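Work through the exercises below with the sequence and the model at hand. Each task is followed by a solution in steps.

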Amino acid sequence: MGAESSPKIAIVDESPIRAAILEEGLREAGYTDVVRIDEMQSLLSRIYALDPDVILIDLENPSRDILEQMFQVSRAVRRPIAMFVDQSDAASIQASVDAGVSAYIVDGLKKERLKPILDLCISRFNAFSKLQDELDRAKSALEDRKVIERAKGILMKLKGLTEDEAYVLLRSTAMREKKKIGEIAQSILTASELLK
Amino acid sequence: MTAQLQIGFIPLIDAAALIVAVEKGFMRTEGLDVQLVREVSWSNVRDKLNIGLFDAAHILAPVPIASSLGLGHIKVPIVVPLTLNLNGNAITVSPALHAAMMHEIDGDPLDPMATARALSRVVAARRKNGGEPLTFGMTFPFSTHNYLLRLWMAAGPVDPDEDVRMVVLPPPFMVDSLASGQVDGFCVGAPWNSIAVDRGIGRILHFSSDIMQRAAEKVLAVRQQWAEKNSQTLASLVRAVFRAAEFTEVPDNRNEVARILARTDYIGVDASVILRTLEGRLKIAADGTIREDGRYMMLAREDASAPDPVQAAWLYAQMVRWRQTTLSLEALKAAQDVFRPELYDAAFGRIGEPRAPAKAIGSFAGPIFDPQNIEGYFAGLPAGGGRG
């Protein structure tokens, strides 16, 4: 961090896990002054009380528009914030929007000091969405497995098949109809509900 | 050939024409395969449009001007080929503020001059008693809501930067903030005013049409570069949205439109609340008082869809008036060039035909706005009314 002290960074994120991942990354990189805000009530006054140099906010957060207000000169705004990047940094904006995060510098902090923070932020956000995707996939795979088990049971009972035969029937139907086995299994469950 | 488009929107009733264009097949008829993407903040809509994640967007009328001038964020030239609606906002105040204003009022409560004067007296009394200044919510720094509130207050005179607090609040937070007393009033679009009234915590003081006869509210915005490269697709998009706007305004279609908009993937509020907005017949007080105004929200009627450069100039003048930027005639010209009636006309095969002059803005107070004489406009503003 050199001779300059660590800038104070506020993370505004309603997802506690993602905020923790980001905070950990920042601390590992030597940014020791990191505060998380997960409560959106009176966001502006909380930020003024903290008086951060950098504010990071996730893009799923409607409160982002509240931060835009800090560009303004008005009674509600005590210390105007600067734009986080200039025209030459369009690539940074693109990368951060893609990752789902936005950063604001509060008056005074040098732009080049933001760049490593933003880069770190982007990689942590991307890592988080990858994690989330994997989790979602694992969840839906588990769901599929449950549905397939139940569909197999119905086929075994109604058509007198063995478990293997029931599975082969599901799989060949799915291939013929160009659908996932899970979808075919789900339609069997739906049909059997209807025919009860 | 089908063009695939991603269009961003915020769940508000004035996204109706876009939603109806998709749901009623107007987009498909024009060969457009549109995916509407619901967003949570205007900053997101702006950024995703500017960097090309969206091809087009439902956006606050001042934002494309701010982007084109590089105000508040990076500079990206944006153009407006169609206005999605004129008017459609309302000012809602808490029952306590309403009572205080009605105690002070001298004149017709529907007259914004009378209410602005009453507000000024309430503000003065609070100051004398050492009370906290009143706080008003609006949706974005570059929003009609911000400018309409300020225009109204300044007539009082109330200085919006000195005498009260103006705070940005995302529309879905507006009602809760009024209920909890964080704000005393707000200016927002539908359905949020009606929801505050239904919850018994707010009273609609004015429709925005009381303050201005014609105020561009949400627009369809695209990047200038995109418009140049995709002129046929743009023309198709303008036609599809315009036809959907006409469809939405046919009284017999309102029930169907309200049901579509009510879906949770669109606006997700009760269809009956949406219907009131489409009819311009709003419940303004918890006691059930109804007020009707044909100008409450205009989509296609009275040439509302045609982008009007005078509207763009007026919005730019408000940015100057409230110190979001400083006056330059070059920027004024650039702002006017954002609103493109010729792109709108071209979509309907009217190329090179002269346009009838747009109807007047019809502001309830202040000097008549003439973009040819913008210095005169500022000279005619009351003292303390901004730009100091």
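**Exercise 1: Backbone outliers**

A:Asp51 is exposed, with 11 other C-beta atoms within 10 Å. The model is a predicted one, in which local features need pLDDT of at least 70, side-chain atom pairs count only at pLDDT 80 or more, and totals for chains, interfaces and linings use all residues. Residues are numbered from 1 along each chain as its sequence is written, and chains are lettered from A and ligands numbered from 1 in the order in which they are written.

Task: state what is unusual about phi of A:Asp51 and of B:Asp303, and place each residue.

Solution.
- Step 1. Most residues other than glycine have a negative phi, and most peptide bonds are trans.
- Step 2. A:Asp51 is not a glycine, yet its phi is positive, about 55°. A:Asp51 sits in the loop between α2 (43–50) and β3 (54–58) of chain A. Helices (H or I, at least four residues) and strands (E, at least two) are DSSP runs, numbered from the N terminus.
- Step 3. B:Asp303, also a residue other than glycine, has a positive phi near 60°. B:Asp303 belongs to the loop between β13 (297–298) and α15 (309–321) of chain B.
- Step 4. B:Asp303 is partly exposed, with 17 other C-beta atoms within 10 Å. A residue is buried if 20 or more other C-beta atoms lie within 10 Å of its own, exposed if 12 or fewer, and partly exposed in between, with C-beta atoms placed from the backbone.

**Exercise 2: Cis peptide bonds**

Task: find what joins B:Gly156 to B:Pro157 and B:Ala190 to B:Pro191, and locate the prolines.

Solution.
- Step 1. The bond between B:Gly156 and B:Pro157 is cis, with omega about 0°. B:Pro157 is in the loop between α7 (144–154) and β7 (165–168) of chain B.
- Step 2. The bond between B:Ala190 and B:Pro191 is cis as well, with omega about 10°. B:Pro191 is in the loop between β8 (185–189) and α9 (192–198) of chain B.

**Exercise 3: A helix with two sides**

Task: describe which residues of α7(A) are buried and which are exposed.

Solution.
- Step 1. Helix α7 (residues 181–194) of chain A has 14 residues and spans 20 Å from its first C-alpha to its last, close to the 20 Å expected at 1.5 Å a residue. The expected span is 1.5 Å times one less than the number of residues.
- Step 2. A:Ile184, A:Ala185 and A:Ile188 are buried in α7(A).
- Step 3. Viewed down the axis of α7(A), the buried residues fall within an arc of 100°, so they line one face of the helix. The arc is that of the directions from the helix axis to the C-beta atoms.
- Step 4. A:Thr190, A:Glu193 and A:Leu194 are exposed on the other side of α7(A).

**Exercise 4: The contact between the chains**

Task: give the make-up of the contact on the side of chain A that touches chain B.

Solution.
- Step 1. Chain A gives 23 residues to the contact and chain B gives 28 residues. Two residues are in contact if their C-beta atoms, placed from the backbone, lie within 7 Å.
- Step 2. On the side of chain A, the elements that give two or more residues are α3 (64–68) and α4 (90–99).
- Step 3. That side has 11 nonpolar, seven polar and five charged residues. Ala, Val, Leu, Ile, Met, Phe, Trp, Tyr, Cys and Pro count as nonpolar, Asp, Glu, Lys and Arg as charged, and the others, Gly among them, as polar.
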